[in-house]
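Work through the exercises below with the structure open beside you. Each task is followed by a solution in steps.

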Amino acid sequence: MKSIRLRAGKERSLQRRHPWVFESSLQKGGGDPGETVRVESHEGQFLCWAAFSPRSQIRLRAWSFDEGQRIDAAFFEARIAEALAMRKRLPIASDALRLIHGEADGLPGLIVDRYGDTLVAQFGAVGVERWKSAIVSSLLKQTGLSRLYERSDASARGLEGLEERTGWLHGEGATELTIAEHQWRLSLDVATGHKTGYYLDQRDNRKRFADAVRHYGCKRVLNCYSYTGGFSVAALAGGAERVISVDSSAPALARASAHVALNGFEPGRHEARDADVNQTLRGLLEAGERFDAIVLDPPKFAPTVAHAERAARAYKDINRLAFKLLVPGGLLFTFSCSGGIAPDLFHKIVAGAGLDAPADGYILERVAAAPDHPQTICFPEGEYLKGLLVLKRG
Ligand code: SAH
């Protein structure tokens with residue numbers, strides 16, 4: 001078993017059970033991609049078992065802080081069992097959910113989503129890549145499912161020195177599926193959709209939105225960065241008379257329109273606009289349009305803290321325009337899924353946008369990802385999605 005020695009003082013984050021060690025913390029030692037290594041403090045004290053990643057800035061990802069733990073197939077079996085048991089206890093109003101959420105489930109780099117009878121996995125680090133066959137067998141055995149599609153095409157694979165790979169790992173057949181979320185039916189394609197096919201993390205927020213649209217009687221709704229229209233369907237279910245979905249992906253918009261029909265709503269109540277959101281917001285303002293509710297769910301503007309400043313300007317700009325487009329008493333449901341933007345910073349950005357609009361608002365709710373995308377106490381980086389539901393003051 002190879003050992004890694006850390007520099008003096010660099011043991012602290014592992015002692016707090018944070019699972020990452022950056023390259024600059026290593027004193028000596030190495031290993032092959034994904035190899036299990038013993039990590040020790042400068043003084044030689046055991047810290048954790050970890051997967052070694054020779055190419056990544058995140059040089060080590062901890063598997064276990066227990067010196068007696070063997071990292072073998074049984075270890076992965078147990079971690080998967082724990083993650084599945086946790087999901088069983090959650091109230092999830094869907095047949096689609098996240099089963100494994102990487103670091104939060106003690107499996108750094110692994111994402112597994114379930115869409116009905118189909119599993120979709122993303123192996124995003126060399127550690128889980130090395131244990132892929134044990135992980136796959138265990139997933140199939142424990143879920144009792146036979147279809148598992150791989151979507152290892154996230155950009156993070158490159159940082160780990162891994163090639164992209166997509167395709168069936170087990171089973172075969174159609175990659176186009178329909179799921180039931182809340183009382184809605186939604187379709188997706190696990191081969192071509194974003195991420196693993198759909199944004200499961202917004203499930204509970206779509207329901208919140210439907211409820212808020214109904215409660216506050218919102219009639220004209222603008223869904224920005226709509227993807228396949230999850231929030232648009234929610235708005236229609238909440239009684240909106242007219243919903244505009246804006247996205248720069250034509251296939252996503254085609255699916256958004258299909259979802260309107262699939263859920264029995266009159267197609268004339270929905271309009272899909274294939275356009276840039278920022279430009280669209282400006283155009284709508286110039287045209288004198290106004291809305292009762294607006295959703296802003298942009299892509300990750302700041303993947304890391306280093307991008308935060310530029311991203312902050314982009315967030316502020318769209319939020320300012322949205323405040324202007326809202327009627328007094330209108331609802332803004334605004335999100336950031338950037339790991340590099342902390343919740344308090346996001347709050348400040350939205351406050352700044354309000355000042356510039358100018359508009360004030362009541363924060364009705366602060367929201368995060370659905371609980372099948374858990375956050376753990378030891379891993380603050382896991383807190384990526386945050387949102388504010390704001391009622392514009394009149
Ligand atoms: N709200 C969605 C998820 C949004 S993901 C849901 O509930 O499923 C972000 C979306 O923003 C993606 O669909 C992407 O195509 C779109 N997008 C990215 N940049 C854009 C831009 N400049 N203008 C419009 N859409 C954009």
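A salt bridge here is a side-chain nitrogen of Lys or Arg within 4 Å of a carboxyl oxygen of Asp or Glu. The model is predicted.

**Exercise 1. Find which parts of the chain the salt bridge between arginine 98 and aspartate 113 links, and decide whether each residue is buried or exposed.**

Step 1. Check the distance. The side chains of arginine 98 and aspartate 113 meet at 2.6 Å, N to O. The cut-off is 4 Å, so the pair qualifies as a salt bridge.

Step 2. Place the residues. Arginine 98 is in strand β7 and aspartate 113 is in strand β8, 15 residues apart.

Step 3. Look at accessibility. Buried means under 20% relative accessible area. Arginine 98 has 8%, so it is buried. Aspartate 113 has 0% and is buried too.

**Exercise 2. Say what the salt bridge of aspartate 105 and arginine 87 ties together.**

Step 1. Start with the general point. Side chains of opposite charge can pair when their charged atoms come close.

Step 2. Take the distance. For aspartate 105 and arginine 87 it is 2.5 Å, N to O.

Step 3. Locate both ends. Aspartate 105 sits in the loop between β7 and β8, and arginine 87 in helix α2 (residues 73–89), so the bridge ties together parts 18 residues apart in sequence.

Step 4. Check burial. Aspartate 105 is buried at 12% relative accessibility. Arginine 87 is buried at 4%.

**Exercise 3. Set lysine 316 and aspartate 356 against the buried cut-off.**

Step 1. Confirm the contact. The two side chains form a salt bridge at 3.2 Å, N to O.

Step 2. Locate the ends. Lysine 316 belongs to helix α10 (residues 308–325) and aspartate 356 to helix α11 (residues 343–356), 40 residues apart.

Step 3. Read the accessibility. Lysine 316 is partly exposed at 31%. Aspartate 356 is partly exposed at 43%.

Step 4. Widen the view. The count for the model is 31 salt bridges. Glu129, Lys132, Glu150, Arg157 and Arg165 are linked in a network of them.

**Exercise 4. Lay out the open sheet of 5 strands and explain why β7 and β11 each have one side without a neighbour.**

Step 1. Write the order: β7-β8-β9-β10-β11, with mixed pairing.

Step 2. Find the edges. β7 (96–101) and β11 (165–170) each have a single partner strand, so one side of each has no neighbour in the sheet.

Step 3. Add the twist. Neighbouring strands are turned by 20 degrees against each other on average, direction ignored.

Step 4. Inspect one pairing. β10 (residues 147–152) runs antiparallel to β11, with 5 bridges between them. Leucine 148 has histidine 170 in β11 as its bridge partner.

Step 5. Add the helix. Helix α4 (residues 132–143) lies across β7, β8, β9, β10 and β11, at about 155 degrees to β9.

**Exercise 5. Which residues stand opposite tryptophan 49?**

Step 1. Take the β4 side. Strand β4 (residues 36–40) pairs antiparallel with β5 over 5 bridges. Here arginine 38 stands opposite tryptophan 49.

Step 2. Take the β6 side. β5 and β6 (residues 58–64) are antiparallel, with 4 bridges. Here serine 64 stands opposite tryptophan 49.

Step 3. Check the connections. The hairpin of β4 and β5 has 5 residues between the strands, and glycine 44 takes a positive phi near 90 degrees there. A hairpin of 5 residues also joins β5 to β6.

Step 4. Check the cover. In β5 (residues 46–52), 7 of 7 residues are buried.

Methods. Residues are numbered from 1 along each chain as its sequence is written. This is a predicted model: local features need pLDDT of at least 70, side-chain atom pairs count only at pLDDT 80 or more; totals for chains, interfaces and linings use all residues. Side-chain values use heavy atoms; hydrogens and water are left out. Two strands pair if DSSP finds at least two bridges between them. Helices (H or I, at least four residues) and strands (E, at least two) are DSSP runs, numbered from the N terminus. Axes are lines fitted to C-alpha atoms, for helices over the stretch in contact, and angles run from 0 to 180 degrees between N-to-C directions. Contact means heavy atoms within 4.5 Å. Buried means under 20% relative accessible area, exposed over 50%, partly exposed in between (1.4 Å probe, protein chains only).
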